[in-house]
Amino acid sequence: DILSQWDHYESILSNYLEKLEVNTDSTFICLPEYALGNKITYKKESFSSIIDKISLFAKERQSIIIAGSYACLEDSKWYNRSLVFDTNGSICHSYDKAHPFNFELLNGINPGVSKNTFTISGLKVKILICSDLWFPEEIRNLLEEKIDLIVVPAMAVVKNHNLVDYGKSQWHSLALTRSKENVIPLMVSDWAVQPFRESYTCGSSCVINPSKRWQNNPEKKKAFNIIEDGSEGIISSIINQNDILDYQKYRKEVGLLPNY
């Protein structure tokens with residue numbers, strides 16, 4: 001039930017934010033793909049209530065919320081849509097998945113139109129949903145816009161439980177590559193490991209700060225934040241934008257980023 005699902009999210013987020021002692025200029029929260037319902041679980045009356053709850057939460061917590069995604073019916077067509085709530089609780093941006101998984105296409109989810117970045121709290125943000133991240137041009141073709149953050153609601157799925165670690169490593173490798181090659185912080189919000197129909201989700205959530213370089217595993221864990229066993233939890237990272245800009249400058253000087 002998507003209403004009880006949101007209530008659960010709100011509970012663990014509230015507990016976490018109350019204990020967070022560090023002040024930041026902008027707080028971004030991202031939920032997983034289909035966190036607000038797929039075609040089977042979507043109920044219009046419940047969805048309206050969830051929108052109101054998320055709006056109130058964003059305003060009270062002064063947080064920017066990328067509310068995962070949901071199956072959206074518009075003009076008799078279904079899309080996989082992500083909504084962004086600003087600190088006033090208003091929906092300030094939406095994005096429809098541009099590259100639906102074949103399973104989605106077979107179940108009537110239509111491709112959306114690729115969108116450029118949007119600006120919020122002075123930052124340029126690019127949203128990709130799950131399999132969109134496998135298309136490097138979705139980021140590379142927009143570097144002139146000077147993207148500050150990439151946010152990826154995801155539902156990484158493998159055929160059986162024995163492949164969970166494989167799926168997780170694939171996603172972590174992909175996210176790390178996209179972040180490092182473009183020098184853009186990237187966050188993936190995935191479902192914890194659990195059965196999903198005939199398959200399993202992978203627990204691939206991570207936050208990557210591309211300006212961090214490491215010499216050993218403890219240093220890597222600080223730069224590349226993950227939940228090791230794929231259990232439920234919250235991953236957080238505080239990223240200094242000046243560090244990102246300095247590293248981007250270096251990468252341009254050595255010829256590994258285009259001069260824009």
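**Exercise 1. State what share of the chain is buried, and describe its overall dimensions.**

Of the 260 residues in the chain, 48% count as buried, where buried means under 20% relative accessible area, exposed means over 50%, and partly exposed lies in between (1.4 Å probe, protein chains only). The model is predicted: local features need pLDDT of at least 70, side-chain atom pairs count only at pLDDT 80 or more, and totals for chains, interfaces and linings use all residues. Residues are numbered from 1 along each chain as its sequence is written, and side-chain values use heavy atoms, with hydrogens and water left out.

Step 1. The secondary structure consists of seven helices and 14 strands; helices (H or I, at least four residues) and strands (E, at least two) are DSSP runs numbered from the N terminus.

Step 2. The radius of gyration is 18 Å, close to the 18 Å that the globule rule gives for 260 residues, so the chain is as compact as a globular protein of that length. The radius is taken over C-alpha atoms, and the rule is 2.2 Å times the number of residues to the power 0.38.

Step 3. The C-alpha trace spans about 55 × 40 × 35 Å along its principal axes.

Step 4. Of the contacts between residues at least 6 apart in sequence, 66% join residues at least 24 apart; contact means heavy atoms within 4.5 Å.

**Exercise 2. Place strand β10 among its partners and assign its side chains.**

Step 1. Strand β10 covers residues 186-189. It pairs with β8 (residues 149-153) in the parallel sense over four bridges, and V152 stands opposite V188. Two strands pair if DSSP finds at least two bridges between them.

Step 2. Strand β13 (residues 206-208) runs antiparallel to β10 and is joined to it by three bridges. Here V188 stands opposite C206.

Step 3. In a regular strand the side chains alternate between the two faces of the sheet. In β10, L186 and V188 point one way, M187 and S189 point the other way, and all are buried.

**Exercise 3. Characterise I184, which lies in the loop before β10.**

Step 1. The loop that holds I184 runs between α5 (164-182) and β10.

Step 2. I184 has a relative accessibility of 1% and therefore counts as buried.

Step 3. Apart from neighbours within four places in sequence, I184 is in contact with I139, L143, I147, D148, L149, I150, S179 and P210.

Step 4. I184 and Y79 are 105 residues apart in sequence, and their C-alpha atoms are 27 Å apart in space.

**Exercise 4. Give the strand order of the open three-stranded sheet, and locate P195 in it.**

Step 1. The order is β9-β12-β11, with antiparallel pairing. The edge strands, each pairing on one side only, are β9 (157-158) and β11 (195-196).

Step 2. Two bridges join β11 to β12 (residues 199-201), and the bridge partner of F196 in β12 is S199.

Step 3. P195 belongs to β11 and is exposed, with a relative accessible area of 58%. Its C-alpha lies 9.4 Å from that of V157, at a separation of 38 residues in sequence.

**Exercise 5. Describe the hairpin of β4 and β5.**

Step 1. Strands β4 (residues 77-85) and β5 (residues 91-96) run antiparallel and are joined by five bridges. One bridge partner pair is R81 with D96 in β5.

Step 2. Five residues lie between the strands, and G89 takes a positive phi near 85 degrees in this hairpin.
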